[in-house]
Amino acid sequence: MSMADAREALLAPEVQAIARRAPERVALILPKAGSATRVDIVTYGSLARSLDAYAAGLVRRGLQRGDRVLLLMPLSADLFALALAVFALGATVVFLDGSLSPRRVAHALRIAQPRVVVSTRRAL
């Protein structure tokens with residue numbers, strides 16, 4: 001089994017399984033944007049719903065197994081849900097740091113050649 005197959009086989013289905021058994025169980029604790037002391041708590045139920053919605057959206061946009069998806073987003077529940085959705089579809093995640101200069105972003109895009117780019121205004 002390749003590393004990509006292992007991700008598909010374990011990550012997204014495991015999130016879904018935990019969400020069915022214990023939807024209120026804490027999946028992620030993330031720093032709240034703009035706060036040094038507050039955090040966002042994300043449950044498995046919420047993460048699983050987001051994962052499903054993102055996967056459906058990516059399929060509607062034609063994403064296929066083996067495609068690359070570039071994620072240019074700050075650390076967030078959406079970032080994790082999107083990455084899990086991409087893994088579940090058998091595609092490859094390319095993470096890109098939003099602090100890169102436009103020239104470096106363009107260089108990374110040429111190298112990665114993603115089929116889909118997902119970003120937020122805050123990351124641009």
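User: Is Thr-43 buried or exposed?

Analyst: The label depends on relative accessible area, and buried means under 20%. In this predicted model, Thr-43 has a relative accessible area of 16%, so Thr-43 is buried. Thr-43 belongs to strand β2, residues 39–43.

User: Which residues does Thr-43 touch, leaving out those up to four places away in sequence?

Analyst: Thr-43 touches Pro-23, Glu-24, Arg-25, Val-26 and Ala-27 on that count. There is also a polar partner to look at: the side chain of Thr-43 reaches the backbone nitrogen of Ser-46 at 3.1 Å.

User: Ser-46 comes up there. How far is Ser-46 from Ala-77 in sequence and in space?

Analyst: Ala-77 and Ser-46 are 31 residues apart in sequence, and their C-alpha atoms are 9.2 Å apart in space. Ala-77 lies in helix α3. With a relative accessibility of 24%, Ala-77 counts as partly exposed. The contacts of Ala-77, not counting residues up to four places away in sequence, are with Leu-28, Leu-30, Val-42 and Leu-47.

User: How many helices and strands does the chain have, and in what order do they run?

Analyst: The chain has four helices and five strands. Read from the N terminus, the order is α-β-β-α-β-α-β-α-β.

User: What share of the chain is buried, and what share of its contacts joins residues 24 or more positions apart?

Analyst: The chain has 124 residues, of which 39% count as buried. Among contacts with a separation of 6 or more, 65% come from residues 24 or more positions apart. As for the surface, the chain exposes about 7,700 Å², and carbon and sulfur atoms supply 55% of that area.

User: What span should helix α2 have, and what span does it have?

Analyst: The check takes 1.5 Å a residue, and the expected span is 1.5 Å times one less than the number of residues. Helix α2 covers residues 44–60, which is 17 residues, so it should span 24 Å; the end C-alpha atoms are 24 Å apart, in agreement. The same check on α3, residues 77–88, takes its twelve residues and expects 16 Å, and the end C-alpha atoms are 16 Å apart, which agrees.

User: Which residues of α2 and α3 are buried?

Analyst: In α2 they are Tyr-44, Gly-45, Leu-47, Ala-48, Leu-51, Ala-55, Gly-57 and Leu-58. In α3 they are Leu-79, Ala-81, Leu-82, Ala-83, Leu-84, Ala-85, Val-86 and Phe-87.

User: Which residues of α4 are buried?

Analyst: Helix α4 runs over residues 102–112, and its buried residues are Val-105, Ala-108 and Ala-112. These cover an arc of only 60 degrees around the axis, which puts them on the same side of α4. The face turned away from that side carries the exposed residues Pro-102, Arg-103, Arg-110 and Ile-111.

User: What covers the buried residues of α4?

Analyst: The cover includes strands β3 (68–72) and β4 (92–95). Strand β3 is itself mostly covered, with four of its five residues buried.

User: Which strands does β3 pair with, and in what sense?

Analyst: Pairing is read from the bridges between strands. Four bridges join β3 to β5, and these two strands run parallel. Strands β3 and β4 also pair in the parallel sense, over four bridges. For single positions, Leu-70 stands opposite Val-117 in β5, and Leu-71 has Phe-95 in β4 as its bridge partner.

User: Where do the side chains of β5 point?

Analyst: The side chains of β5, residues 116–119, alternate along the strand. Val-116 and Val-118 point to one face and are buried, while Val-117 and Ser-119 point to the other and are not.

User: What is the phi of the residues that follow the helices α2, α3 and α4?

Analyst: Most residues other than glycine have a negative phi. Just after α2, Gly-62 has a positive phi of about 90 degrees. After α3 comes Gly-90, with a positive phi near 80 degrees. After α4 comes Gln-113, where phi is positive and near 45 degrees, although Gln-113 is not a glycine. Gln-113 sits in the loop between α4 and β5. Its relative accessibility is 60%, so Gln-113 counts as exposed.

Conventions
Residues numbered from 1 in each chain as written. Predicted model: local features only at pLDDT ≥ 70, side-chain atom pairs only at ≥ 80, totals over all residues. Heavy atoms only, no water. Buried < 20%, exposed > 50% of the residue type's maximum accessible area, 1.4 Å probe, protein only. Arc of directions from axis to C-beta. Contact = heavy atoms within 4.5 Å. Polar contact = N/O pair within 3.5 Å; in protein donor to acceptor, adjacent residues only side chain to side chain. Areas by Shrake-Rupley, 256 points an atom, 1.4 Å probe, with all protein chains shown as cover. Pairing = 2+ DSSP bridges.
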